[in-house]
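Please look through the sequence and the structure shown here before reading on. The report that follows goes from a sheet to the helices beside it, and then to one chain and one of its residues.

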Amino acid sequence: MTLTTLEYLPGHKVTEHYGIVSGSTVRAKHIGKDFFAGLKNIVGGELHGYTELMEETREQSLQRLKAQATKVGANAVLGIRFATSDVAQGAAEVFAYGTAVRVSKDV
Amino acid sequence: MFELILGAVLLAVGYFVGSAREQKHFESIKLREKEFLYMPVRPDKILDAQTVEKVELVTASVVIAGDYFKTVASSLKSMIGGALNSQETLIDRARREAILRLKEKTKKLGADEIIGLRIETMALDKMGVEVMVYGNAVYSKRS
């Protein structure tokens, strides 16, 4: 499965189009609940735990997007975008979407 | 009275420790930016298909909290309006760090450049900032 934010794939042509696929993950992000994050808020600096949480959330969204694309029979997802929104107090959503397609090598 | 002293101590700690940490971070960013200057990062998506082996999605992110002094200073400043200098440096740090991490990941993958760069910024409950960057690692054809 090839994932890209490009609307095309160099050296390939799109042979089939399956429409939009998406994947989303919602996570709690309340900083005040975390003791060490609270300390960091005094001296400033990177919140490593939150960076990791963010990476995991994004990975999971991509996994779900991939699973959906595989299900419809695609072998690539083009034009991927990420969007984030605050769905509830202290919770945030990372949402990935793109166009599922079947591509084949240009000859 | 105790609260007043605690507030003053927190402000002082936030100011001195926070500034020192910020400066250290900026120095590290500048150093690594020089090191990665050879790797192009473009927001456009123009590619010559003849020279490209493959492309791959790459992502990176960073979450940075502001110090206590920044938080208090910006809440005071926002009452009278104007530029929030302390927040500007915080966001600048986060974005540059995120782009550097993207470049580091791309280097590790063995790719040559990044195209179609996008930057997403989110506030973290008014206390910090979350930056997510993503783009496409481009592998050039080796001849």
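Two strands are said to pair if DSSP finds at least two bridges between them. In this predicted model, two bridges join strand S3 of chain A to strand S2 of chain B, and these two strands run antiparallel. Within this pairing, A:Glu46 has B:Ile64 of S2(B) as its bridge partner.

**The sheet shared by the chains**

The pair belongs to an open sheet of five strands with mixed pairing, whose order is S3(A)-S2(B)-S4(B)-S3(B)-S1(B). Which strands stand at the edges? They are S3 (45–46) of chain A and S1 (41–42) of chain B, and because each has a single partner strand, one side of each is left without a neighbour in the sheet. In general, the strands of a sheet pair through backbone hydrogen bonds, and they do this in either a parallel or an antiparallel way. Strands S3 (residues 113–124) and S4 (residues 128–140) of chain B are an antiparallel pair with 10 bridges, and in this pair B:Thr121 is matched with B:Val131 of S4(B).

Two helices pack on the sheet, and the table sets them side by side.

| Helix | Strands touched | Angle with the direction of S2(B) |
|---|---|---|
| H2 (residues 48–72) of chain A | S3 of chain A, S2 (52–65) and S4 of chain B | about 145° |
| H3 of chain B | S1, S2, S3 and S4 of chain B | about 145° |

**Two helices of chain B**

Two packed helices are described by the angle between their axes and the distance between the axes. Helix H1 (residues 2–35) and helix H3 (residues 85–109) of chain B have axes that come within 10 Å and cross at roughly 35°, and the crossing is left-handed. H1(B) contributes B:Glu22, B:His25, B:Phe26, B:Ile29, B:Arg32 and B:Glu33 to the contact, while H3(B) contributes B:Thr89, B:Arg93, B:Arg96, B:Glu97 and B:Leu100. Sorted by class, the residues of this contact are three nonpolar, two polar and six charged.

**Where the chains touch**

The contact between the chains takes 26 residues from chain A and 36 from chain B. On the side of chain B, at least two residues come from each of H1, S2, helix H2 (68–80), S3 and S4, and S2(B) has the largest share, with nine residues. This side of chain B consists of 18 nonpolar, nine polar and nine charged residues.

**Chain A and its residue Asn41**

Chain A has two helices and five strands, which follow one another from the N terminus as β-β-α-β-α-β-β. Its radius of gyration is 18 Å, whereas a compact globule of 107 residues would have one near 13 Å, and its C-alpha atoms fill a box of roughly 60 × 25 × 15 Å along the principal axes. Of the 107 residues in chain A, 33% are buried.

Is A:Asn41 buried or exposed? A residue is buried if 20 or more other C-beta atoms lie within 10 Å of its own, and A:Asn41 counts as buried because it has 24 C-beta neighbours inside 10 Å. This residue lies in helix H1 (residues 35–43) of chain A. Leaving aside residues up to four places away in sequence, A:Asn41 touches B:Ala65, B:Tyr68 and B:Met127. Between the C-alpha atoms of A:Asn41 and A:Asn75, which are 34 residues apart along the chain, the separation is 44 Å.

How values were computed
Residues are numbered from 1 along each chain as its sequence is written. Chains are lettered from A and ligands numbered from 1 in the order in which they are written. This is a predicted model: local features need pLDDT of at least 70, side-chain atom pairs count only at pLDDT 80 or more; totals for chains, interfaces and linings use all residues. Axes are lines fitted to C-alpha atoms, for helices over the stretch in contact, and angles run from 0 to 180 degrees between N-to-C directions. Helices (H or I, at least four residues) and strands (E, at least two) are DSSP runs, numbered from the N terminus. A crossing is left-handed if the near helix is turned anticlockwise from the far one by less than a right angle, and right-handed if clockwise. Two residues are in contact if their C-beta atoms, placed from the backbone, lie within 7 Å. Ala, Val, Leu, Ile, Met, Phe, Trp, Tyr, Cys and Pro count as nonpolar, Asp, Glu, Lys and Arg as charged, and the others, Gly among them, as polar. The radius of gyration is taken over C-alpha atoms; the globule rule is 2.2 Å times the number of residues to the power 0.38. A residue is buried if 20 or more other C-beta atoms lie within 10 Å of its own, exposed if 12 or fewer, and partly exposed in between; C-beta atoms are placed from the backbone.
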